[in-house]
Amino acid sequence: MAQAKKIALYFIVVFVLYTIITSPERAADLVQVGFEGISSAAQSVGDFMSELVK
């Protein structure tokens, strides 16, 4: 089972590197979308906590 996890992780790393090398603009767009999602989620949690305190 541990060997299967290592192989799966290896393929994921290779795929990510292949995507970055072949299409850096697309990879940058995906990273930007990911950070925007995290930022939006953090903002929403902050708004929720602020409303709880009121």
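Helices here are DSSP runs of H or I with at least four residues, strands are E runs with at least two, and both are numbered from the N terminus. This is a predicted model, where local features need pLDDT of at least 70, side-chain atom pairs count only at pLDDT 80 or more, and totals for chains, interfaces and linings use all residues. Residues are numbered from 1 along each chain as its sequence is written, and side-chain values use heavy atoms, with hydrogens and water left out.

**View 1. The whole protein has two helices and zero strands.** Its radius of gyration (taken over C-alpha atoms) is 18 Å, well over the 10 Å that the globule rule (2.2 Å times the number of residues to the power 0.38) gives for 54 residues, so the protein is more spread out than a compact globule. Along the principal axes, the C-alpha atoms fill a box of roughly 50 × 35 × 5 Å. Just 4% of the 54 residues count as buried (under 20% relative accessible area; exposed is over 50%, partly exposed in between; 1.4 Å probe, protein chains only). About 5,000 Å² is exposed (Shrake-Rupley method, 1.4 Å probe; for residues, only the protein chains shown count as cover), and carbon and sulfur atoms supply 72% of that area.

**View 2. Helix 1 covers residues 2-22.** At 1.5 Å a residue (times one less than the number of residues), its 21 residues should span 30 Å, and the end C-alpha atoms are indeed 30 Å apart. There's hardly any cover on helix 1: the count of buried residues is one.

**View 3. A nonpolar patch sits on the surface.** Ile-12, Phe-15, Val-16, Tyr-18 and Ile-20 make up about 530 Å² of it. Patch members have over 30% relative accessible area and no salt bridge (a side-chain nitrogen of Lys or Arg within 4 Å of a carboxyl oxygen of Asp or Glu). Like charges are joined within 9 Å, and nonpolar side chains (Val, Leu, Ile, Met, Phe, Trp, Tyr) within 5 Å. Val-16 lies in helix 1 and is partly exposed, with a relative accessible area of 41%.

**View 4. Met-49 lies in helix 2, residues 24-53.** Its relative accessibility is 45%, so Met-49 counts as partly exposed. From Met-49 to Ile-12 is 37 residues along the chain, and their C-alpha atoms are separated by 36 Å.

**View 5. Gln-32 is also in helix 2.** Gln-32 comes out as partly exposed, at 46% relative accessibility. Gln-32 and Val-45 are 13 residues apart in sequence and, C-alpha to C-alpha, 20 Å apart in space.
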